[in-house]
Amino acid sequence: MEGVAMLKQLIGQLQQLLDSSHSHSLILQPSNHTLFFQQQQQQQQHQQQQTRWTSFDVEDSSVDDFCGLVVTAGKSGSFRMSEPVKSPPTKKSRRDRSRGKSSGRSCSTEVMEQEIWKDFPEDLFEAVIARLPIATFFRFRSVCRKWNSMLTSQSFSQYCTQVTQANPWFYTITHENVNSGAMYDPSLKKWHHPTISTPPTKLIVLPVASAGGLVCFLDIGHRNFFVCNPLTQSFRELPARSVKVWSRVAVGMTINGNSAGSGYKILWVGCDGEYEVYDSVRNSWIRPGNMPAGMKLPLSLNFRSQAVSIDSMLYFMRSDPEGIVAYDMATGVWKQYIIPAPLHLTDHTLAECDGQIMLVGLLTKNAATCVCIWELQKMTLLWKEVDRMPNIWCLDFYGKHVRMTCLGNKGLLMLSLRSKQMNRLVTYNIARKEWLKVPGCVVPRGRKRQWIACGTAFHPCLTAVA
């Protein structure tokens, strides 16, 4: 059938060639005609051996199927047939390609082999879950009772201590609702609204310090202290202080070792030099000693600046004389450093990054205001400017009376900038020198953005116990 099909095709094209001849008619002698078909049969057999022929069904194919056949006449009267010209392959759209890939992936991942996963080691579950994001872990707790009870597991607590959170979270109190807090996760850029157990007495408590995943609260009357893990809602009221000081106090907090499981200590200090240290291991307040005679009183503490903790050291900012007051939780020794503040500086607060003391504040001159970052030079005890907010952001502050509150002071800062016409939240990464805007804090089922009153940064820890 293949030879007959090719024969019919050649006869038809020869007839077209004879009809289109204008100068003279081409007459094929019987001998030449026979010779021609013998040559074509030999050529056909040779090309079939090389598998170069493409078979066609003349009866079932249309004329368009043979538009690629080219016939040329040579001097010797022989003919050459080329293969049909194939159209270039059409490129699939991105949607079609991704659809095919996704269908292949879904078929391979939807079914998990029970024979394989049933032998997964039980201890590895805790190691894997401890490395999940905090928000993901709370969703996974609903899988089974065993996963829900991991918060009280000693082995799971050890896995959690091996995992360090890259960025701290921020626990804040808003002006509109001082009885409940809002937590901000900078990794997901999302606000959370926990329901923390309230103190036994109906008091307004404010976050003043943090360490090891725990947040220290002080009531608005500066009398009672509370410690809480915002993630697990564990709440603890500390014993009453032995020294009755009703004036405003500055508070700092450190942990014993690498985690809050080894215990923690809290220091409060007043402007007149009174201070006490709470030890969670003893569950009591102690007064290690008195301030040295060379320490100028009153301290004139800057209460807008939270204490900075580096290892066992706590650093507080003072204003008269300008400088820093330091206390060593391990040795109980006080030190002071006279460091003049930069000119035209307001709303400044201490910060820390990789063991280096930093300063952040508003630099106002004439009608222009900008947020600046300084680094303390250890040799000269002077502040050196290392960064400032982008100028295009500072243009929004021009001619406005801007106030700033710094929430958190370890590596990542959250700055609350507000005026009568503006309410803005910004984070600053000290190591990367990166400024980012924070989405507005909106309570559930609410639309109005909340104004941040105060807050502190804390490293989230699922197993920290107050």
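Q: Does valine 325 count as buried or exposed?
A: This is a predicted model, so everything here is read off predicted coordinates. Valine 325 sits in strand 16, which spans residues 322-328. The cut-off for buried is under 20% relative accessible area. Valine 325 comes in at 1%, so the call is buried.

Q: Which residues does valine 325 touch, leaving out those up to four places away in sequence?
A: One of its contacts is Met295, 30 residues off in sequence, with 9.0 Å between the two C-alpha atoms. Contact here means heavy atoms within 4.5 Å. The full list for valine 325 is Met295, Leu299, Leu314, Tyr315, Phe316, Arg318, Trp334, Lys335 and Gln336.

Q: Which residues of the largest nonpolar core touch the most other members?
A: This core has 39 residues. Its largest share, 6 residues, is supplied by strand 20 (residues 368-377). The members with the most contacts inside the core are Tyr315, Leu350, Val371, Trp383, Met389, Leu417 and Trp435.

Q: How many residues make up the second, separate core?
A: Among its members are Trp147, Phe156, Leu231 and Leu462. This second core is separate, and its count is 22 residues.

Q: What does tyrosine 315 touch, not counting residues up to four places away in sequence?
A: Tyrosine 315 is one of the best-connected members of the largest nonpolar core, in the group that touches the most other members. Val325 and Leu350 are among its contacts. The whole set for tyrosine 315 is Gln306, Ala307, Val308, Ile310, Ile324, Val325, Ala326, Leu350 and Ile357.

Q: Which strands are the edge strands of the open sheet with the order 6-7-8-9?
A: The sheet has 4 strands with antiparallel pairing. An edge strand pairs on one side only. That leaves strand 6 (205-211) and strand 9 (234-237).

Q: What is the average twist from one strand to the next in the 6-7-8-9 sheet?
A: The order runs 6-7-8-9 and the pairing is antiparallel. From one strand to the next, the twist averages 25°.

Q: Which residue is the bridge partner of leucine 218 in strand 8?
A: Strand 7 (residues 214-219) and strand 8 (residues 225-229) run antiparallel and share 4 bridges. Leucine 218 is bridged to a residue of strand 8, and that partner is phenylalanine 225.

Q: Is the ring pair of phenylalanine 226 and phenylalanine 235 stacked, edge-to-face or tilted?
A: The structure has 12 aromatic pairs. For phenylalanine 226 and phenylalanine 235, the ring centres are 5.6 Å apart. Planes under 30 degrees apart count as stacked and over 60 as edge-to-face. Here the planes meet at 45°, so the pair is tilted.

Q: Is phenylalanine 235 buried, exposed or partly exposed?
A: Phenylalanine 226 has a relative accessible area of 0% and is buried. Both rings belong to one aromatic cluster, formed by Tyr171, Phe217, Phe226 and Phe235. At 25% relative accessibility, phenylalanine 235 is partly exposed.

Q: Which arginine lies over the face of tryptophan 268?
A: A comparable arrangement puts arginine 287 over the face of tyrosine 275, at 5.7 Å from the ring centre. For tryptophan 268 the distance to the ring centre is 4.8 Å, and the residue is arginine 241.

Q: Which residue takes a positive phi in the hairpin of strand 24 and strand 25?
A: Strand 24 (residues 422-429) and strand 25 (residues 434-437) run antiparallel and are joined by 4 bridges. Across the pair, valine 426 stands opposite lysine 437. The hairpin has 4 residues between the strands, and the positive phi, near 55°, belongs to lysine 433.

Q: Which residue in strand 5 stands opposite methionine 183?
A: Strand 5 (190-192) is an edge strand of an open antiparallel sheet in the order 5-4-3-26. Strand 4 (residues 181-185) pairs with strand 5 over 3 bridges. Opposite methionine 183 stands histidine 192.

Q: Which helices do the buried residues of helix 5 pack against?
A: Helix 5 covers residues 122-129, and its buried residues are Glu126, Ala127 and Ile129. They pack against helix 6 (134-140), helix 7 (145-148) and helix 8 (154-162).

Q: Is serine 416 buried or exposed?
A: Serine 416 lies in strand 23 (residues 412-419). Its contacts include Arg403, Arg424 and Ile452. With 0% relative accessibility, serine 416 counts as buried.

Key. Residues numbered from 1 in each chain as written. Predicted model: local features only at pLDDT ≥ 70, side-chain atom pairs only at ≥ 80, totals over all residues. Heavy atoms only, no water. Helix = DSSP H or I, 4+ residues; strand = E, 2+ residues; numbered from the N terminus. Buried < 20%, exposed > 50% of the residue type's maximum accessible area, 1.4 Å probe, protein only. Pairing = 2+ DSSP bridges. Axes fitted to C-alpha atoms, helices over the stretch in contact; angles between N-to-C directions. Core = buried A, V, L, I, M, F, W, Y, C linked by side-chain atoms within 4.5 Å. Phe/Tyr/Trp six-rings, centres within 6.5 Å; stacked < 30°, edge-to-face > 60°. Lys NZ or Arg CZ within 6 Å of the ring centre and 35° of its normal.
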